[in-house]
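Colleague: Got a minute to go through this one with me? Put it up and we'll chat.

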Amino acid sequence: MASKRNVRRKSCKGKVRYGSASEANAAAYSRRIKTSEWIIGYGCKFCGGFHIGHPPANVRQAIRA
């Protein structure tokens with residue numbers, strides 16, 4: 001079982017941290033245009049910043065509906 005500290009480190013390791021939601025959404029939109037992948041910006045509960053990534057399946061279903 002992973003420790004909370006290890007989970008926290010791995011959640012942000014190697015990711016770009018954006019200072020605001022608008023910066024993350026702009027980067028996500030740019031990446032979406034370049035790669036045709038579904039990328040969104042989201043708030044990180046560990047570092048307080050924002051990252052970009054693929055949304056989970058339940059979020060994709062909610063957006064489609």
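Modeller: Quick term first: a polar contact is a pair of N or O atoms within 3.5 Å; within protein, one must be able to donate a hydrogen and the other to accept it, and residues adjacent in sequence count only if both atoms are side-chain atoms. This is a predicted model, so local features need pLDDT of at least 70, side-chain atom pairs count only at pLDDT 80 or more, and totals for chains, interfaces and linings use all residues. Residues are numbered from 1 along each chain as its sequence is written, and side-chain values use heavy atoms, with hydrogens and water left out.

Colleague: Okay, which backbone oxygen lies 2.9 Å from a polar atom of the His51 side chain?

Modeller: That of Val16.

Colleague: And is His51 buried or exposed?

Modeller: Buried, at 1% relative accessible area (buried is under 20%, exposed over 50%, partly exposed in between, with a 1.4 Å probe and protein chains only).

Colleague: Switching to cysteines: how many disulfides?

Modeller: Zero, taking a disulfide as a pair of cysteine sulfur atoms within 2.5 Å. For Cys44, the nearest cysteine sulfur belongs to Cys12, 3.4 Å away. For Cys47, the nearest is that of Cys44, at 3.7 Å.

Colleague: Why is Cys44 called buried and Cys47 partly exposed?

Modeller: Because Cys44 has a relative accessible area of 11%, while Cys47 comes in at 25%.

Colleague: What's the mean pLDDT of the protein?

Modeller: 87, with 97% of residues reaching 70 or more; pLDDT is the predictor's confidence in each residue, from 0 to 100.
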